[in-house]
Amino acid sequence: MQQELIDRTESGTNYDDLAEEILRLRELQEQTVMDDAAKAAHRERIQELLHFINSQPRTITEFDEALVKKLLESVKVCEFFLEFRFKSGVTISIEK
């Protein structure tokens with residue numbers, strides 16, 4: 001496309017459509033790179049959580065504040081249910 005843009009420029013042919021397409025593709029490439037970086041960060045966070053979980057004792061018999069802070073983003077207490085939102089994005093609802 002860049003070569004075609006150069007050819008059109010040299011020949012004096014209108015190249016607006018081609019320039020717009022090149023810009024669109026560049027923006028798409030930038031967005032893809034950003035999406036890939038976000039996915040990599042998400043994967044890294046999941047790996048950190050898995051490592052943390054695997055380092056914990058298999059049976060939890062008492063409240064562990066460090067574990068809660070590491071895993072949970074929020075807890076919603078409603079009249080008819082509890083909702084646990086994990087930092088991984090998973091949400092679990094438990095009806096009363």
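Here is a short tutorial chat about a hairpin, one of its residues and a surface patch in a predicted model.

Student: Let's start with the strands. How many bridges join β2 and β3, and is the pairing parallel or antiparallel?

Tutor: Strand β2 covers residues 81-86, and β3 covers residues 91-95. The two run antiparallel, paired over 5 bridges. To see the register, look at L82, which sits opposite I94 in β3.

Student: What links the two strands, and which residue in the turn has a positive phi?

Tutor: They make a hairpin with 4 residues between them. G89 is the turn residue with the positive phi, about 105 degrees.

Student: Now E83 in β2. Buried or exposed?

Tutor: First the general idea: side chains in a regular strand alternate between the two faces of the sheet. As for E83, the cut-off for buried is under 20% relative accessible area. E83 comes in at 15%, so it counts as buried.

Student: And which residues does E83 touch, beyond its neighbours within four places in sequence?

Tutor: With those left aside, its contacts are S74, V75, K76, T91, I92 and S93. Within β2, the E83 side chain also makes a polar contact with the side chain of R85, at 3.4 Å.

Student: Over to the surface. Which residues form the nonpolar patch with L28?

Tutor: M1 and L25 join L28 there, and together the three have about 270 Å² of accessible area. L28 itself belongs to helix α2, residues 16-54. Its relative accessible area is 47%, so call L28 partly exposed.

Notes: Residues are numbered from 1 along each chain as its sequence is written. This is a predicted model: local features need pLDDT of at least 70, side-chain atom pairs count only at pLDDT 80 or more; totals for chains, interfaces and linings use all residues. Side-chain values use heavy atoms; hydrogens and water are left out. Patches are made of residues with over 30% relative accessible area and no salt bridge: like charges are joined within 9 Å, nonpolar side chains (Val, Leu, Ile, Met, Phe, Trp, Tyr) within 5 Å. Accessible areas come from the Shrake-Rupley method with a 1.4 Å probe; for residues, only the protein chains shown count as cover. A salt bridge is a side-chain nitrogen of Lys or Arg within 4 Å of a carboxyl oxygen of Asp or Glu. Buried means under 20% relative accessible area, exposed over 50%, partly exposed in between (1.4 Å probe, protein chains only). A polar contact is a pair of N or O atoms within 3.5 Å; within protein, one must be able to donate a hydrogen and the other to accept it, and residues adjacent in sequence count only if both atoms are side-chain atoms. Contact means heavy atoms within 4.5 Å. Two strands pair if DSSP finds at least two bridges between them.
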